[in-house]
Amino acid sequence: MNSGLSDLLAIGIPVILIGMLTLGMMVHRELGPFVGLGLGGKWMLSLALGMGILAFGLKVGVALLLGRAPEATVERLSSNPFVHGPMPAADRIGLVNPAPPRPGNYVWEVLPARAPEPAENPATPAKIALGKRLFYEKRLSGDGALACASCHDLYEKAGADGRPTAEGIAGQRGVRNVPTVWNAAFQSVLFWDGRAPSLEAQAKGPILNPIEMGLAAPAEAERLLSADPSYRADFARAFGDDQPISFERIVQAIAAFERTLITADSPYDRFVRGQGDALSRAQLRGMALFESVGCVLCHRGPNFSDASLLGGQSPWRFFPANATPYEEKYRLLTESGERGVWRVPSLRNVALTGPWLHNGSVDKLDEVVRIMASAQLGRSADYLGWLNQDSSLGKLDRTPLSDREVRDIVAFLEALSSDALRATSPRTPPGG
Ligand code: HEC
Ligand code: HEC
């Protein structure tokens, strides 16, 4: 049932009962004797007056309900056409949250050992090996100085670069933070704004982006690699024929390699698989809060993202959804001063990939949790109400999280870090 309606009933039913009692007493004790009515007359009069009052109450109730309904219609989850499609229009996003979870209702899942792959690009060991070679290939950049791995340092920086925003060829600064490539294979759309529908499509971006690797054209990459006989041999082995090296095959091999970048070895995964002592008490409290506070509304499923190939349903959300002082402090609005529409990022290894958010403006994880709780869930003293267009989020508690709750959630986020990557990438020191 609509929660607005149940609220109204919870108030309405007691009011009607008290009203009926008062009316009955008035008619029987005061009005009836005054005009000299018998018992039947008293009942008729009570009934008539009562119906009138009830009808009035119903009108007020309906008016209230209409006033409280969200401005836009809530779309059905199952018919969301955007899961693999292009970016949706801004007015169709953030309206598809399921109801807030009931405590204990959420199912915690582990990451599968293999990522789904498109039928057109089946992985083979030779293709994966070629993709790995290409991921480290600096000749794919305009000045021969950058490879994918320069910005996505797999082991020392957990697949990101530890900088606020990316540094491309000739020291050019980008405007976006570098997301990790670990577990990107499970995401239904890629990039912060989710504009790439597959890893194959994504990989074309940085090679040609003038402020990233900055190659002039796809033919340039084909020419550079074809000039090297060892690449000609690797491509022949990977694709099983000796067709010329194409840009399409370059990105296919890279994507096949990226689909092997999976971390299912976090304390969280060990806990869900049954190792009872894998999480500390603080992490367990944080796990419960992550559900009850509502983080799971968006960071759902085994990859902690609703933009996931593993049953994700609604890849994009407004961020910041509510107005809070954070948006000015960390420049969270878009360049044109609007609430941006962003893909829900995965939170796996998030403790290892700071600084955080699309502009890399926040260098403390506890601050990110506070921003999320207030900007996305309205847990803020400064909450401004209907700016958040999602009715289910609008129903949640408004109390800001306590320091201890924030600490516990951070502890839980740390439990999403891979054991292997924690060993190779020194954690972001406090304060950046
Ligand atoms: C100059 C630094 C830089 C280089 C080099 C680079 N990337 Fe990226 N990468 C980024 C940034 C920044 C983003 C986010 C951009 C955005 O969202 O607009 C990104 C995003 C990605 C993503 C999306 C991850 C996600 O969760 O959405 C993948 C996958 C990726 N890069 C793979 C690659 C591959 C493959 C290469 C080499 C062909 C490469 N990158 C080269 C900086 C770089
Ligand atoms: C309404 C959807 C929504 C809810 C609810 C939500 N998030 Fe987020 N979260 C997002 C989006 C969208 C982003 C990307 C923000 C950006 O583009 O800068 C994000 C980003 C993050 C990041 C930064 C990721 C990175 O790599 O920089 C963390 C950490 C995070 N969320 C944790 C949480 C926690 C903890 C909660 C619960 C207190 C929560 N989120 C609730 C949608 C949500």
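N177 is buried in this predicted model, with a relative accessible area of just 5%, under the 20% cut-off used for that label. The residue sits in the loop that runs between α4 and α5. A polar atom of the N177 side chain comes to 3.2 Å from the backbone oxygen of R163. Leaving aside neighbours within four places in sequence, the contacts of N177 include R163, P164, T165 and W192. The list also takes in P355, L357, H358, N359 and G360. Some of these names come back around the two ligands: W192 is among the closest residues to ligand 1, and H358 is among the closest to ligand 2.

Turning to ligand 2, its iron atom has two protein donors, NE2 of H299 and SD of M372, which lie 2.1 to 2.3 Å away. H299 belongs to the loop between α10 (281–294) and β1 (316–319), while M372 is part of helix α12 (residues 365–376), so the two donors tie together parts of the chain that are 73 residues apart in sequence. With the 6 donor atoms counted, the angles subtended at the iron atom of ligand 2 run from 89 to 179°, which makes the arrangement octahedral. How buried or exposed are the two protein donors? H299 counts as buried because its relative accessibility is 10%, whereas M372, at 24%, is partly exposed.

The wider surroundings of ligand 2 comprise 22 residues, and the closest are C295, C298, H299, H358 and M372. Besides donating to the iron, H299 has a polar side-chain atom 2.9 Å from a nitrogen atom of the ligand. Oxygen atoms of ligand 2 also have polar partners: a backbone N or O atom of L357 is 2.8 Å from one, and an N or O atom in the side chain of H358 is 2.7 Å from an oxygen of the ligand. Both L357 and H358 also appear among the contacts of N177. As for secondary structure, β1, β2 (340–343) and α12 are the elements that each give two or more residues to this shell. The biggest contributor is α12, with 4 residues. Sorted by class, the shell around ligand 2 holds 16 nonpolar, 4 polar and 2 charged residues.

Then there's ligand 1. It is surrounded by 26 residues, with C148, C151, H152, F191 and W192 the closest. Which side chains make polar contacts with ligand 1? A polar side-chain atom of H152 lies 2.8 Å from a nitrogen atom of the ligand, and one from Q202 lies 3.1 Å from a nitrogen. R195 pairs with an oxygen instead, its side-chain N or O atom being 3.1 Å away. The elements giving two or more residues to this shell are α4 (148–151), α5 (199–208) and α8 (247–258). Of the shell, the largest share comes from α5, which supplies 4 residues. The class breakdown for ligand 1 is 15 nonpolar, 5 polar and 6 charged residues.

Zooming out to the whole chain, the fold contains 15 helices and 2 strands. Buried residues account for 46% of the 432 residues. Among contacts with a separation of 6 or more, 69% link residues 24 or more positions apart.

Technical notes: Residues numbered from 1 in each chain as written. Chains lettered and ligands numbered in written order. Predicted model: local features only at pLDDT ≥ 70, side-chain atom pairs only at ≥ 80, totals over all residues. Heavy atoms only, no water. Donors = N, O, S within 2.8 Å, 3.2 Å for Na, K, Ca; no water. Tetrahedral: all angles 85-135°; square planar, octahedral: opposite > 155°, others 65-115°. Buried < 20%, exposed > 50% of the residue type's maximum accessible area, 1.4 Å probe, protein only. Near = heavy atom within 4 Å. Polar contact = N/O pair within 3.5 Å; in protein donor to acceptor, adjacent residues only side chain to side chain. Nonpolar A, V, L, I, M, F, W, Y, C, P; charged D, E, K, R; others polar. Contact = heavy atoms within 4.5 Å.
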